[in-house]
Structures are given as structure tokens and as C-alpha cells.
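User: Could you take a close look at one part of this model for me? I'd like to hear how the helices in the later stretch pack, and what goes on in the loop that joins them.

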Amino acid sequence: MMDADLSQRAKLTALGRVLRDLHKQLIQVETQHFGVVGSPLEHLHLVVNHPHFSWLQKLSGLMAQMDERLDEPEDISVADAFAFRAAIEELIGPNEKGDMAFRAKYNALLHDSPDIVMAHGAVRQILVGIAPQN
């Protein structure tokens with residue numbers, strides 16, 4: 001493995017950690033808005049299948065793609081890492097050409113929850129370190 005790969009791999013690994021925390025916070029707040037959910041298994045079923053939570057699937061899918069890429073032995077280039085940054089920024093900002101339906105729901109929760117604000121800040125901090133190639 002090259003040093004560049006280790007660096008990009010470390011950045012994506014750190015990004016995965018903070019994204020999981022953000023995702024968890026979003027699910028917690030959406031669950032409070034939804035109401036009683038029952039057992040953890042029933043909750044998981046709701047998060048995966050209920051329309052109330054469906055907007056989060058874009059973030060879930062992106063996290064899964066990132067995990068799959070990290071599991072591959074091939075080197076991770078700066079361009080690979082930056083592509084994940086761009087995809088995340090289309091969802092949570094500041095990309096102006098982003099997914100506005102996702103962003104509307106996301107921003108509403110961002111304004112409602114200090115925990116989401118903190119998790120968002122952690123994601124932004126990692127994203128800033130994932131720069132395009134010079």
C-alpha cells in the first residue's frame with residue numbers, strides 16, 4: 001500500500017465513523033417524531049421499510065458504498081475519497097446542486113437537535129480534510 005492510500009483510507013475510515021454517528025442521531029430524532037416503535041427489531045423494520053424514514057436511505061446507501069470500498073484491497077486514490085466527499089455534500093451541503101428533498105428534511109432536523117448539530121460539525125471537519133487532487 002502506498003502512503004497516499006493509507007492517508008485516504010484513514011480519512012474515509014474516520015468519515016465512516018462520524019457518518020454513522022450522524023445517521024444514528026438522525027434516526028433517533030426521526031423516531032421521536034414518529035412515536036412509539038416497539039422492540040429494537042420492530043424499530044429496525046420501520047427504519048428500513050416505513051416511508052417516514054425512507055429519505056435516510058440515501059445516506060445509508062452512501063455509507064454502505066463507502067464501507068464496501070474500504071473493504072476492497074485496491075488503493076484508495078485522492079479522487080476516490082473526494083468522490084465520497086462530493087456525494088455526501090450533495091446530501092448535507094454545501095453543494096448547491098445537491099439533493100434538495102433530502103436537504104430540506106436534514107436541515108429541519110439540524111435546527112431541532114443540538115446532537116445533530118454536533119454530529120454534522122464532526123462530519124464537516126473530516127470532509128474539509130478530503131481535498132481534490134492539485
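Analyst: Here's a walk through the helix pairs and the loop, with a short stop at a surface patch at the end. Keep in mind that this is a predicted model.

Let's start with α3 and α4. Two packed helices are described by the angle between their axes and the distance between the axes. Here, helix α3 covers residues 57-71 and helix α4 covers residues 78-92, and they pack at about 170 degrees with their axes 10 Å apart. That angle is why α3 counts as roughly antiparallel to α4. On the α3 side, the contact is made by Lys58, Leu59, Leu62, Gln65, Met66 and Arg69, which meet Asp80, Phe84, Ala87, Ile88 and Leu91 of α4. Sorted by class, that contact holds seven nonpolar, one polar and three charged residues.

Lys58 has another partner, too. Its side chain forms a salt bridge with the side chain of Asp99, at 2.4 Å from N to O. This pair links distant parts of the chain, since Lys58 sits in helix α3 while Asp99 is in the loop between α4 and α5, 41 residues apart. Across the whole structure, a search turns up six salt bridges.

That loop has something else to look at. Most peptide bonds are trans, but the one joining Gly93 and Pro94 is cis, with omega at about 5 degrees. Pro94 lies in the loop between α4 and α5, the latter being residues 100-112.

Now on to α5 and its neighbour, helix α6 (residues 114-128): their axes come within 5 Å and cross at roughly 115 degrees. The two helices are therefore roughly perpendicular to each other. From α5, the contact draws on Tyr106, Leu109, Leu110 and Asp112, while α6 brings Pro114, Ile116, Val117 and His120. These residues divide into six nonpolar, one polar and one charged.

Last, a detour back to α2. Leu44 is found in this helix, which spans residues 40-49. Together with Leu41 and Val48, Leu44 makes a nonpolar surface patch of about 310 Å².

Technical notes. Residues are numbered from 1 along each chain as its sequence is written. This is a predicted model: local features need pLDDT of at least 70, side-chain atom pairs count only at pLDDT 80 or more; totals for chains, interfaces and linings use all residues. Side-chain values use heavy atoms; hydrogens and water are left out. Patches are made of residues with over 30% relative accessible area and no salt bridge: like charges are joined within 9 Å, nonpolar side chains (Val, Leu, Ile, Met, Phe, Trp, Tyr) within 5 Å. Accessible areas come from the Shrake-Rupley method with a 1.4 Å probe; for residues, only the protein chains shown count as cover. A salt bridge is a side-chain nitrogen of Lys or Arg within 4 Å of a carboxyl oxygen of Asp or Glu. Helices (H or I, at least four residues) and strands (E, at least two) are DSSP runs, numbered from the N terminus. Axes are lines fitted to C-alpha atoms, for helices over the stretch in contact, and angles run from 0 to 180 degrees between N-to-C directions. Angles under 35 degrees count as roughly parallel, over 145 as roughly antiparallel, 65 to 115 as roughly perpendicular and the rest as oblique. Contact means heavy atoms within 4.5 Å. Ala, Val, Leu, Ile, Met, Phe, Trp, Tyr, Cys and Pro count as nonpolar, Asp, Glu, Lys and Arg as charged, and the others, Gly among them, as polar.
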